[in-house]
Amino acid sequence: MTRVIEPVSTAIVAPEPKRRSRLLAVRADIPRPAYVTAVALSLLVPLGAWTAASYGGLVDPLFMPTPGAVAAAFWRMLTSGDLVADTLASVSRVGLGFLLSGMLAIPLGLLVGTFKLFEGLVEPAMGLFRYMPAAAFVPLVILWIGLDEPAKIAIIFIGSFFFNLLMVIDAVKFVPMDLVKVSYTLGAGRRDVFFRVILPATLPKILDALRVNIAAAWNLVVVAELVAANSGLGFRILNAQRFLRTDEIFVGILVIGLVGLTIDLAFKLLFRLIVPWAVEK
Amino acid sequence: MTDRPALEIRRLSKSFPTRSGPLTVLADIDMHVGENEFVCIVGSSGCGKSTLLNIVAGLEEPSAGEVLLRGRRIEGPGADRGMVFQNYTLYPWLTVAGNVEFGLKIQKLPATERRERVRHYLEIVGLSRFADSLPRQLSGGMKQRAAIARAMASEPQILLMDEPFGALDAQTKQTLQEFLLEVAQKTHKTFLMITHDVEEAVFLSERIYVLSARPGRVRRELAVSLGSGRDRSARRSPLFGQLKQELLDLLHDETPIAQEAR
């Protein structure tokens, strides 16, 4: 036994000095050129692989069109006006569904987080509902609401409401109790505490929650548009599949990604405007 | 008894229900704080001193007994008792001036008076230059000074302080103790402060209550006759050291190890 242990203990007593890469230091900065290179690689490697595979004839263009073909399809769809119309259709569905979801989830979440009574009324049911995938509600939504615009908005709503609610409740629980107590000693009543302490204190976390959850809602729009849509990016992708237009599928997916990124940036800007005091420098 | 004290605590007890029956944290507390007096409550952790201060603030209810503020029974929290907590409790979304003004707005004071009071109390705590800064731009000591200004701006009848300097480093702590002493001498307010730092208690107060632990009872009442005009040199006087040692001995008997040895 000792024969096995000995070499191990000597290794611990005399660790090798240096020779550790600065690039892999835990949670530390690395030299800027190295970081910029990494960023460039993260974009160029997939793009390069795609270019090589498609132009090199490694894959059938039916399955993977060339970047040039995708760019051409993008231009074609853009100039025909379809792409703009589809993007607007999808954005407005997500916008409406998410707006409704936020308008209900924020006040309700503030109430549930603040008052134990509301917690008892809402939390058990919410715990169950949030594990039900929104996509599974599609058949029910069609039965209840039909195939029109409201059905798609309802799916976005179902898919984002419980997450918004949960995260708003959590935001309230993060408000330090001492902040509430000190407010009472400054003459505040319950109403003041709710509107002038809890509401502003939770605002940064609420905005962050909305930013995270709208990404999920945006992903869900494709599912919502599987329901008998005749416009929208999800519809366009599905339609392109029917006609084996892989290049148009690529365009659809890329645009969905870009719009998502834009929404994220817009929320970050909103955060800076509404709660500049909470912006981490 | 013509001189009615600012604050009276009468036969106050507090117990919490637990699974194994009620747990008494405070038993038969009798205390008083005179007008313009600075009183400290000293006790080791777990003696219920924070609970006691919360009851005085009206944030918790006593199980028995009562608290009187200028003869009136306390029923709930109010702006007549200002409070400063150990942790930074400034509103991070308001400027320093906004924080000081918060209570005044709630109490619906006219704008001109609000502005005058904010200016006055920021000057007292030496933060006039930082009126428009956000709390996160301030150091720990400055945050506590802002919190003290905010508590004083409502001109409460008594200021309650729950280990206000407990989270500060030793150097800042001493500076703030001297600052608070000056403020107390300058403003003639009434203070009731909790601390486990005996040096702080001796330096600041005119009277000290020592609480025993589990349940908290008044073990001893100690007069600190260092004079009301004392300054930082008081720390070096023989009486200071004597009182400090006396308090340390009293508290030592309360530590769990000492209790087991009894």
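Modeller: Two strands pair if DSSP finds at least two bridges between them; strands are DSSP runs of E of at least two residues and helices runs of H or I of at least four, numbered from the N terminus. β7(B) and strand β8 (residues 191–195) of chain B have 4 bridges, so they count as paired, in the parallel sense. This is a predicted model, in which local features need pLDDT of at least 70, side-chain atom pairs count only at pLDDT 80 or more, and totals for chains, interfaces and linings use all residues. Residues are numbered from 1 along each chain as its sequence is written, with chains lettered from A and ligands numbered from 1 in the order in which they are written.

Colleague: Which residue of β8(B) is the bridge partner of Leu160(B)?

Modeller: Leu192(B) is that partner.

Colleague: What joins strand β6 (residues 81–84) of chain B to β7(B)?

Modeller: 4 bridges join them, and the two strands run parallel. Within that pair, Arg81(B) is opposite Ile158(B).

Colleague: Why is strand β7 (residues 158–162) of chain B called largely enclosed?

Modeller: A residue is buried if 20 or more other C-beta atoms, placed from the backbone, lie within 10 Å of its own, exposed if 12 or fewer, and partly exposed in between. In β7(B), 5 of the 5 residues are buried, so the rest of the structure largely encloses the strand. Ile158(B), Leu160(B) and Asp162(B) point one way and Leu159(B) and Met161(B) the other way, and all of them are buried.

Colleague: Why does Phe137(A) count as partly exposed?

Modeller: Phe137(A) has 17 C-beta neighbours inside 10 Å, which falls between the two cut-offs, so partly exposed is the class. The residue lies in the loop between α5 (116–129) and α6 (138–145) of chain A.

Colleague: What is Phe137(A) in contact with, leaving aside its neighbours within four places in sequence?

Modeller: Ile155(A) and Ile158(A); a contact requires C-beta atoms, placed from the backbone, within 7 Å. Ile256(A) is 119 residues away from Phe137(A) in sequence, and their C-alpha atoms are 23 Å apart.

Colleague: How do you know how chain A compares with a compact globule?

Modeller: For 281 residues the globule rule (2.2 Å times the number of residues to the power 0.38, for a radius of gyration over C-alpha atoms) gives a value near 19 Å, but chain A has 26 Å. Its C-alpha trace spans about 75 × 75 × 45 Å along the principal axes. Chain A has 11 helices and 0 strands, and 29% of its residues count as buried.

Colleague: What makes up the side of chain A that touches chain B?

Modeller: 14 residues of chain A are in contact with 19 residues of chain B. Two elements, α8 (177–184) and α9 (190–224) of chain A, give two or more residues to that side, and α8(A) gives the most, with 5. By class, the side has 9 nonpolar, 2 polar and 3 charged residues.

Colleague: Which element of chain B has the lowest mean pLDDT?

Modeller: Helix α8 (residues 256–261) of chain B, at 57, while helix α2 (residues 96–106) of chain B has the highest, 95. The score is the predictor's confidence in each residue, from 0 to 100. Where pLDDT is low, the predicted coordinates should not be read in detail. Chain B averages 89, and 96% of its residues score at least 70. The model scores ipTM 0.90 and pTM 0.85.

Conventions:
Two residues are in contact if their C-beta atoms, placed from the backbone, lie within 7 Å. Ala, Val, Leu, Ile, Met, Phe, Trp, Tyr, Cys and Pro count as nonpolar, Asp, Glu, Lys and Arg as charged, and the others, Gly among them, as polar.
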